[in-house]
Amino acid sequence: MGGLLLLSFVLLTLLAVRMTRRIQRPPRELEPFRMIPREVGRALETGQPLHLALGSGGLIGSEAALTLSGRRILERLAQDGAAGEVFPFVTVADPVALLYARHVLQDACQRQGIPSFPPPDRAWWAGASPMAYAAGLTLLLGTQPVAANIISGLFREEAVLAGEIGQRYGARSIFTMPDPGGAAALWSFDPALAIGEEAFAASSIGEPTGRPSALLLTHDLIRWLLMVLMVMAALGFALRG
């Protein structure tokens with residue numbers, strides 16, 4: 001039985017590799033990542049900056065990967081914002097993440113050849129605890145109009161407050177939630193939000209529009225492979241019984 005499962009896994013893996021070479025588009029498109037370029041264009045036209053919330057996690061320890069799920073979004077917003085000198089607001093809850101956000105914004109200025117750095121208030125330390133962080137978002141969005149409120153990072157139950165705050169002040173909301181707790185809290189606001197590993201599938205800077213995300217495609221293929229193997233294993237045990 002074990003040899004049959006191993007052989008099936010090898011055959012399915014080879015089939016997945018062959019399918020990957022032929023697929024020109026990902027099996028599904030993620031609406032949050034399709035909306036971000038449109039919101040960037042709207043921000044440059046109106047002069048209203050975008051807001052990116054990286055959550056209440058830090059960059060040290062097990063929370064780093066969840067916090068950095070919005071890294072590609074931050075880099076894209078910084079580069080596009082520097083080109084039009086409409087820099088985004090970035091809110092964090094960790095001092096190291098604050099330094100990282102400021103570094104990304106400054107690096108975008110250097111790449112665009114802008115001699116001056118963005119205003120220091122573009123990277124906010126909103127609060128150390130999850131609830132204090134949500135209160136800091138209320139203060140920022142209540143005093144500074146933004147074109148869109150992008151939430152991507154470590155959020156759990158406080159994600160409800162973060163999503164409600166953006167809608168209260170009329171900002172369009174975009175959600176990418178790597179943590180299931182935050183995804184469950186924001187599901188009622190936008191059922192099309194990116195969940196789990198989907199939050200890491202944002203396109204890199206310089207990647208052509210519409211190019212398949214290899215990361216998302218790999219996750220989909222692995223998911224289908226695991227489902228097939230689980231069904232085969234269940235059938236094998238049922239036939240043996």
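**Exercise 1. Place Ser152 in its sheet.**
Which residue stands opposite Ser152 in β5? Work it out on this predicted model, then follow the chain onward.

*Solution.*
- Step 1: Look across from Ser152 and you meet Thr176 in β5.
- Step 2: Trace the chain from β4 through α7 to β5, and you have walked a β-α-β crossover that is right-handed.
- Step 3: Ser152 itself sits in strand β4, and five bridges hold β4 and β5 together in parallel.
- Step 4: Now check the helix you passed through: α7 (residues 159-168) lies across β4 and β5 (172-177), at about 170 degrees to β4.

**Exercise 2. Describe the surroundings of Ser152.**
Is Ser152 buried or exposed? And which side chain makes a polar contact with the side chain of Ser152?

*Solution.*
- Step 1: Start with the accessible area. Its relative value is 0% for Ser152, and buried means under 20%, so Ser152 is buried.
- Step 2: Then look for polar partners: the side chains of Ser152 and Thr176 are joined by a polar contact of 2.6 Å.
- Step 3: List the neighbours, skipping residues up to four places away in sequence: Ser152 touches Leu52, Ala53, Leu54, Ser69, Gly70, Ile73, Thr176 and Met177.

**Exercise 3. Put the strands in order.**
What is the order of the strands in the open sheet, and which strands stand at the edges?

*Solution.*
- Step 1: Reading across the six strands gives β3-β2-β1-β4-β5-β6, with parallel pairing.
- Step 2: The edge places go to β3 (123-125) and β6 (194-195); each has a single partner strand, so one side of each has no neighbour in the sheet.
- Step 3: Helix α6 (residues 130-143) packs on this sheet, touching β1 (51-55), β2, β3 and β4 (148-154), and its direction makes about 175 degrees with that of β1.
- Step 4: Walk over the pairs one by one. β2 (residues 89-92) and β3 share three bridges, with Thr91 partnered by Trp124 in β3.
- Step 5: Three bridges also join β1 to β2, and here His51 has Phe89 as its bridge partner in β2.
- Step 6: β1 and β4 pair over four bridges, with Ala53 partnered by Ile151 in β4.
- Step 7: At the other end, β5 and β6 pair over two bridges, with Met177 partnered by Ile195 in β6.
- Step 8: Finally, check burial. In β1, five of five residues are buried. In β5 the count is five of six, so β5 is largely enclosed by the rest of the structure.

**Exercise 4. Sort out some salt bridges.**
How many salt bridges does the count come to? Pick out a few and say where their ends sit.

*Solution.*
- Step 1: The count comes to eight salt bridges.
- Step 2: One of them links Glu39 and Arg172, at 3.2 Å from N to O. Glu39 is in helix α2 (residues 31-46) and Arg172 in strand β5, so the pair ties together parts 133 residues apart in sequence.
- Step 3: Compare the two ends: Glu39 counts as buried at 3% relative accessibility, whereas Arg172, at 45%, is partly exposed.
- Step 4: Another pairs Arg71 with Glu75, with the closest N and O atoms 3.3 Å apart. These two are four residues apart in helix α4 (residues 71-84), which means about one helical turn separates them.
- Step 5: Arg38 and Glu31 form one too, at 3.4 Å between the closest N and O atoms. Add Arg34, and you get a network: Glu31, Arg34 and Arg38 are linked by salt bridges.

How values were computed: Residues numbered from 1 in each chain as written. Predicted model: local features only at pLDDT ≥ 70, side-chain atom pairs only at ≥ 80, totals over all residues. Heavy atoms only, no water. Pairing = 2+ DSSP bridges. Contact = heavy atoms within 4.5 Å. Axes fitted to C-alpha atoms, helices over the stretch in contact; angles between N-to-C directions. Buried < 20%, exposed > 50% of the residue type's maximum accessible area, 1.4 Å probe, protein only. Right-handed = clockwise from strand over helix to strand, strands pointing away. Polar contact = N/O pair within 3.5 Å; in protein donor to acceptor, adjacent residues only side chain to side chain. Salt bridge = Lys/Arg side-chain N within 4 Å of Asp/Glu carboxyl O.
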